[in-house]
Amino acid sequence: MRKKYICGNWKMNKTIDDSKVFADEINNKELNDVDILIAAPFTNLKCLKKHIDGNIKIAAQNVSQFSDGAYTGEISTGMLKAIGVFDVIIGHSERREIFGEKDDMINAKVKRALDDDMNVILCVGETGKIRDEQKHFDYVSDQLKKALRGVCPSDKLTIAYEPIWAIGTGKTCEASDAEKMCANIRKTIKDNFGDIAQDLRILYGGSVKPNNANKILGMDNIDGVLVGGASLEVDDFVRIINYKEQS
Ligand code: PEP
């Protein structure tokens, strides 16, 4: 049984002080029995680890493919683990599109993080153009295979399907369409890596809000959500965590 996984991605938002206020607020809320994670800017990780309820996992939004050395501006898995952070998002579409991260680099980062015993949320997803051309299933399968080349997936890996056209746009993918893609992702994992596919969690991300979370999370192959904008406000994020109460 795959436990539902509600993940927030703060992107480049919130200072340390904002993080502390968020932690104090969410610590006082009643939360559904789901796994919860917040991916915060590097500068806020230590503060969140200290102040937020220990049941909420704290993640980085990126990590280097290198272990140490002359890589100005990079953060290694070892540095994250030294402050108690064992989770990381890799391959977010903003890293791919704005910072030019290519499949090979994402593959190297996934390998580095998994080899160093971290939990990885690997993001995949197509542009609107690719979907309009009806090439999205093949595109996402290909992205997945490239990111996982030479990797032996375990339950330390989570896949997030994030159609780029739905991120930060308010255009949510229909729950049934997201389900079809997540089922296709599971099939790709099964065809390439076997039975682990049944245990891997697959998330949907792209304009998830309190009013659509319930429907999305009701799908068989959608084991959770990766939430950008709506994870910044405690009330919205908690309403998504408590999605069963929002019909
Ligand atoms: C994201 O950045 O991963 C995301 C899904 O953003 P939003 O929820 O704002 O669309």
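This report describes a predicted model of a protein with a bound ligand, from the overall fold to the ligand shell and three individual residues.

## Overall architecture

The protein contains 10 helices and eight strands. Its radius of gyration is 17 Å, close to the 18 Å that the globule rule gives for 247 residues, so the protein is as compact as a globular protein of that length. Along the principal axes, the C-alpha atoms occupy a box of roughly 50 × 45 × 35 Å.

Of the 247 residues in the protein, 51% are buried. The accessible surface amounts to about 11,600 Å², and carbon and sulfur atoms account for 48% of that surface. When contacts between residues at least 6 apart in sequence are considered, 74% of them join residues at least 24 apart.

## Ligand environment

The ligand is surrounded by 14 residues, of which Lys11, Glu162, Gly168, Ser207 and Gly228 are the closest. Classified by residue type, this shell comprises four nonpolar, eight polar and two charged residues.

Three polar atom pairs can be described individually, beginning with Lys11, which places a polar side-chain atom 2.5 Å from an oxygen atom of the ligand. Backbone atoms also take part: a polar backbone atom of Gly168 is 2.6 Å from a ligand oxygen atom, and a polar backbone atom of Gly228 lies 2.8 Å from an oxygen atom of the ligand. The ligand taken alone exposes 290 Å², and 97% of that area is buried by the protein.

## Asp223

Asp223 is located in the loop between helix H9 (213–217) and strand S8 (224–227). Its relative accessibility is 2%; the cut-off for burial is under 20%, and Asp223 therefore counts as buried. The side chain of Asp223 forms a polar contact with the side chain of Arg2, at 2.8 Å.

Beyond its neighbours within four places in sequence, Asp223 is in contact with Arg2, Lys3, Lys4 and Tyr5. The same set of contacts of Asp223 also includes Arg186, Leu200, Arg201, Ile202 and Leu203.

## Val34

Val34 occupies a position in the loop between helix H1 (16–26) and strand S2 (35–39). With a relative accessible area of 11%, Val34 is buried. Not counting residues up to four places away in sequence, Val34 touches Lys3, Lys4, Ile6, Ile241 and Tyr243. Lys3 and Lys4 thus appear among the contacts of Val34 and also among those of Asp223.

A C-alpha separation of 23 Å divides Val34 from His92, and these two residues are 58 positions apart along the chain.

## Thr188

Thr188 belongs to helix H8, which spans residues 175–193. The residue has a relative accessibility of 9% and counts as buried. Leaving aside neighbours within four places in sequence, the contacts of Thr188 are with Ser141, Leu144 and Lys145.

Thr188 and Thr127 are 61 residues apart in sequence, and their C-alpha atoms are 19 Å apart in space.

Notes
Residues are numbered from 1 along each chain as its sequence is written. This is a predicted model: local features need pLDDT of at least 70, side-chain atom pairs count only at pLDDT 80 or more; totals for chains, interfaces and linings use all residues. Side-chain values use heavy atoms; hydrogens and water are left out. A residue is near a molecule or strand if one of its heavy atoms lies within 4 Å of it. A polar contact is a pair of N or O atoms within 3.5 Å; within protein, one must be able to donate a hydrogen and the other to accept it, and residues adjacent in sequence count only if both atoms are side-chain atoms. Accessible areas come from the Shrake-Rupley method with a 1.4 Å probe; for residues, only the protein chains shown count as cover. Ala, Val, Leu, Ile, Met, Phe, Trp, Tyr, Cys and Pro count as nonpolar, Asp, Glu, Lys and Arg as charged, and the others, Gly among them, as polar. Helices (H or I, at least four residues) and strands (E, at least two) are DSSP runs, numbered from the N terminus. The radius of gyration is taken over C-alpha atoms; the globule rule is 2.2 Å times the number of residues to the power 0.38. Buried means under 20% relative accessible area, exposed over 50%, partly exposed in between (1.4 Å probe, protein chains only). Contact means heavy atoms within 4.5 Å.
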